[in-house]
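Here is a short tour of a protein chain. Keep the sequence and the 3D view side by side as you read.

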Amino acid sequence: MPTHTGDPMERLEYRAELDWDGNVGSFARVREFRLRTDTNTDGGNEGPLPAEYLLTAIGGCLTINWGRLIKKMRLNVEEMSIEVRGWRNLKEPPAPGDNLPREDCDGCTGEEDTPHQRAGREIWHGLQHRGEGEDKRGSRDSQA
């Protein structure tokens, strides 16, 4: 559980560990709690989507802080409900390198139109050359 000693340089630190379920979901451990993420489209609908956990976290932070304020001010509040909504585009984001030229590094000019395109090309370049100079265990060769 996060603790606080009063030191202004101290910080609360949180940790979650997740294991992939082999499909599109995961099993998460947070302190003594077990959580499940999944989808209701291409998963088994065995848990909330990560975006739904995010909305829950936002609402939970609001509830905790307002609850503390209600207690501190000794207000007579009998109930409180919060609804948090979010949305995203239905279209999936492009994969790294999608819609980018598939040319060799000699063709990488760095003269793209936008920072997004430059970042995409850098990711694509890294994927193209992943593993070069590495041994079979994935560590860098130490030989010159």
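Start with a pair of opposite charges. Arg36 and Asp21 form a salt bridge, and their closest N and O atoms are 3.0 Å apart. This pair links distant parts of the chain. Arg36 belongs to strand S3 (residues 33-37), while Asp21 sits in the loop between strand S1 (17-20) and strand S2 (26-30). The two residues are 15 apart in sequence. Note that the model is a predicted one.

Is Arg36 buried or exposed? Arg36 counts as buried, because its relative accessibility is 13% and the cut-off for buried is under 20%. Its partner Asp21 is partly exposed, at 22% relative accessible area.

Arg36 has a second contact. Its charged end sits over the ring of Phe27, 4.2 Å from the ring centre. Phe27 is a residue of strand S2. Phe27 counts as partly exposed, with 40% relative accessibility. Follow the chain back from Phe27 and you reach Glu17, 10 residues away. The C-alpha atoms of Phe27 and Glu17 are separated by 8.3 Å.

**The overall plan**

Now step back to the whole chain. The protein has 144 residues, and 11% of them count as buried. Its secondary structure comes to 2 helices and 3 strands. Read from the N terminus, the order is β-β-β-α-α.

**More salt bridges**

Side chains of opposite charge can pair when their charged atoms come close. How many salt bridges does a search of the whole structure find? The search finds 7. The table gives three of the pairs, with their N to O distances.

| Pair | N to O distance |
|---|---|
| Arg36 and Asp21 | 3.0 Å |
| Arg11 and Glu13 | 3.0 Å |
| Glu83 and Arg85 | 2.3 Å |

Look at how open these partners are. Arg11 counts as exposed at 62% relative accessibility. Glu13 is exposed too, with a relative accessible area of 58%. In the other pair, Glu83 counts as exposed at 58%. Arg85 counts as exposed at 67% relative accessibility. Elsewhere, salt bridges with shared partners join Arg15, Glu17, Asp19 and Arg29 into one network. Glu17 in this network is the residue whose C-alpha atom was compared with that of Phe27 above.

Aromatic rings give another result. A pair of aromatic rings is described by the distance of the centres and the angle of the planes. A search of the whole structure finds 0 aromatic pairs.

**Helix H1 and a nonpolar patch**

Helix H1 covers residues 50-72. H1 has 23 residues and reaches 33 Å from its first C-alpha to its last. That is close to the 33 Å expected at 1.5 Å a residue.

Which residues form a nonpolar patch on the surface? They are Leu54, Ile58, Leu62, Trp66, Leu69, Met73, Leu75, Val77, Met80 and Ile82. Together they have about 870 Å² of accessible area. One of them, Leu62, has its place in helix H1. Leu62 is partly exposed, with a relative accessible area of 32%.

Next, find Trp87. Trp87 lies in the loop between H1 and helix H2 (115-128). At 79% relative accessibility, Trp87 counts as exposed, because the cut-off for exposed is over 50%. Trp87 and Ala51 are 36 residues apart in sequence. In space, their C-alpha atoms are 9.0 Å apart.

**Positive phi angles**

Last, check the backbone. Most residues other than glycine have a negative phi, and most peptide bonds are trans. Some residues here have a positive phi instead. Where is Arg31 found? Arg31 is in the loop between S2 and S3, and its phi is near 50°. Arg31 counts as partly exposed at 48% relative accessibility.

Asn45 also has a positive phi, near 55°. It lies in the loop between S3 and H1. Asn45 counts as exposed, with 53% relative accessibility. Arg74 comes just after H1 and takes a positive phi of about 55°.

Key
Residues are numbered from 1 along each chain as its sequence is written. This is a predicted model: local features need pLDDT of at least 70, side-chain atom pairs count only at pLDDT 80 or more; totals for chains, interfaces and linings use all residues. Side-chain values use heavy atoms; hydrogens and water are left out. Patches are made of residues with over 30% relative accessible area and no salt bridge: like charges are joined within 9 Å, nonpolar side chains (Val, Leu, Ile, Met, Phe, Trp, Tyr) within 5 Å. Accessible areas come from the Shrake-Rupley method with a 1.4 Å probe; for residues, only the protein chains shown count as cover. A salt bridge is a side-chain nitrogen of Lys or Arg within 4 Å of a carboxyl oxygen of Asp or Glu. Helices (H or I, at least four residues) and strands (E, at least two) are DSSP runs, numbered from the N terminus. Buried means under 20% relative accessible area, exposed over 50%, partly exposed in between (1.4 Å probe, protein chains only). The expected span of a helix is 1.5 Å times one less than its number of residues. Rings of Phe, Tyr and Trp (its six-membered ring) pair if their centres lie within 6.5 Å; planes under 30 degrees apart count as stacked, over 60 as edge-to-face and the rest as tilted. A charge sits over a ring if NZ of Lys or CZ of Arg is within 6 Å of the ring centre and within 35 degrees of the ring normal.
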